[in-house]
Amino acid sequence: TLEIQRLQCRGVFRFMAALVHGDLVTKPQFALAADPELRFNHRFAAFSPVTKPQHLTYDMFAESCDFSVYNPEQLFQASSDCFREVVKWVDALQYCPDVTEQIIADYTALKKVAVSNRLAIAQVLRAGGTGGTGVAASGSEGGGGSEIDFQYEIHPYHPKIVLKPTRVLKSV
């Protein structure tokens, strides 16, 4: 169902918000990224001819993405909760009589991604992800013992969060 995919997306979004809010990733510094409102307007300009439903404005978007009232640990937990709900929905979906084998296979892949993502979040929290140490996103500078990466081997649209150990070379 659409709700399962929505929960999966919401979980990844909250995970990314926790990384940004916890200063575990650095934002890219390229020209268009300098102005988030410009980037938003450019991204959704193609939908401007559509009048209904009402467009999401940048102000509405910015308000819905304001996570300043939450700490990173709460966001990681909210992300984990989304993935837990995906597992529950997929388990319930298997008992629906009108569900085809292809649909079951696709949602079983989503369930595998959700379980893996919950485990990755637990690893981030154990690595000190809430304090801004021990974890770095792929391609970011610094970081401690792990690098966060996203893989699409299990499902083509929904990423599996992977922690890769990084080696820090010590000079002698």
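# Report on a predicted chain

Asp23 is exposed, having a relative accessible area of 64%. The model in which this residue is described is a predicted one, and the values that follow are computed from it. Asp23 belongs to the loop between α1 and α2, and its backbone carries a positive phi of about 55° although the residue is not a glycine. The value of 64% is over 50%, and therefore Asp23 is placed in the exposed class.

## Overall architecture

The chain is made up of 5 helices and 3 strands, and, read from the N terminus on, its elements follow the order α-α-α-α-α-β-β-β. The chain has 172 residues, of which 31% count as buried.

One residue from the buried class is Leu7, whose relative accessible area is 7% and whose place is in helix α1. Because buried means under 20%, the 7% of Leu7 puts this residue in that class. How far apart are Leu7 and Ser79 in sequence and in space? Their separation in sequence is 72 residues, while their C-alpha atoms lie 9.1 Å apart in space.

## Salt bridges

The structure holds 4 salt bridges, and three of these are set out below by their N to O distance.

| Pair | N to O distance |
|---|---|
| Arg6 and Glu3 | 2.9 Å |
| Asp81 and Arg84 | 3.0 Å |
| Asp91 and Lys111 | 2.5 Å |

For the pair of Arg6 and Glu3, the setting is helix α1, which covers residues 2–21, and because the two residues are 3 positions apart in this helix, about one helical turn separates them. Arg6 counts as partly exposed at 40% relative accessibility, and Glu3 is likewise assigned to the partly exposed class, at 23%.

The pair of Asp81 and Arg84 sits in helix α4, which spans residues 72–93; both partners lie in this helix, 3 residues apart, which is about one turn of it. Asp81 has a relative accessibility of 26% and counts as partly exposed, whereas the corresponding figure for Arg84, also partly exposed, is 30%.

Which parts of the chain does the pair of Asp91 and Lys111 link? The salt bridge between Asp91 and Lys111, with its closest N and O atoms 2.5 Å apart, links distant parts of the chain, since Asp91 is in helix α4 and Lys111 in helix α5 (residues 101–126), with their positions 20 residues apart in sequence. Asp91 is partly exposed, with a relative accessible area of 29%, and Lys111 counts as partly exposed at 23% relative accessibility.

## Surface patches

A negative patch on the surface is formed by Asp35, Glu37, Asp59, Glu63 and Asp66. Among them, Asp59 is found in helix α3, which runs over residues 58–64, and is exposed at a relative accessible area of 57%. Members of such a patch need over 30% relative accessible area, so the 57% of Asp59 meets this condition.

A nonpolar surface patch is formed by Phe44, Phe47 and Val50, which together have about 280 Å² of accessible area. Phe44, one of its members, is located in the loop between α2 (36–43) and α3. Is Phe44 buried, partly exposed or exposed? Its relative accessible area is 37%, and Phe44 is thus classed as partly exposed.

## Backbone and cysteines

The loop between α2 and α3 is also the place of Pro53. The peptide bond that joins Lys52 and Pro53 is cis, with omega at about 0°.

How many disulfides does the count give? The count comes to 0 disulfides, the rule being that a pair of cysteine sulfur atoms must lie within 2.5 Å. As for individual cysteines, Cys9 is partly exposed with a relative accessible area of 44%, and Cys65 is partly exposed with 23%. Because the partly exposed class lies between the limits of 20% and 50%, the 44% of Cys9 falls within it, and so does the 23% of Cys65.

Methods: Residues are numbered from 1 along each chain as its sequence is written. This is a predicted model: local features need pLDDT of at least 70, side-chain atom pairs count only at pLDDT 80 or more; totals for chains, interfaces and linings use all residues. Side-chain values use heavy atoms; hydrogens and water are left out. Buried means under 20% relative accessible area, exposed over 50%, partly exposed in between (1.4 Å probe, protein chains only). Patches are made of residues with over 30% relative accessible area and no salt bridge: like charges are joined within 9 Å, nonpolar side chains (Val, Leu, Ile, Met, Phe, Trp, Tyr) within 5 Å. Accessible areas come from the Shrake-Rupley method with a 1.4 Å probe; for residues, only the protein chains shown count as cover. A salt bridge is a side-chain nitrogen of Lys or Arg within 4 Å of a carboxyl oxygen of Asp or Glu. Lys and Arg count as positive and Asp and Glu as negative; His and the chain ends are not counted. The place of a charge is taken as NZ of Lys, CZ of Arg, CG of Asp or CD of Glu. Helices (H or I, at least four residues) and strands (E, at least two) are DSSP runs, numbered from the N terminus.
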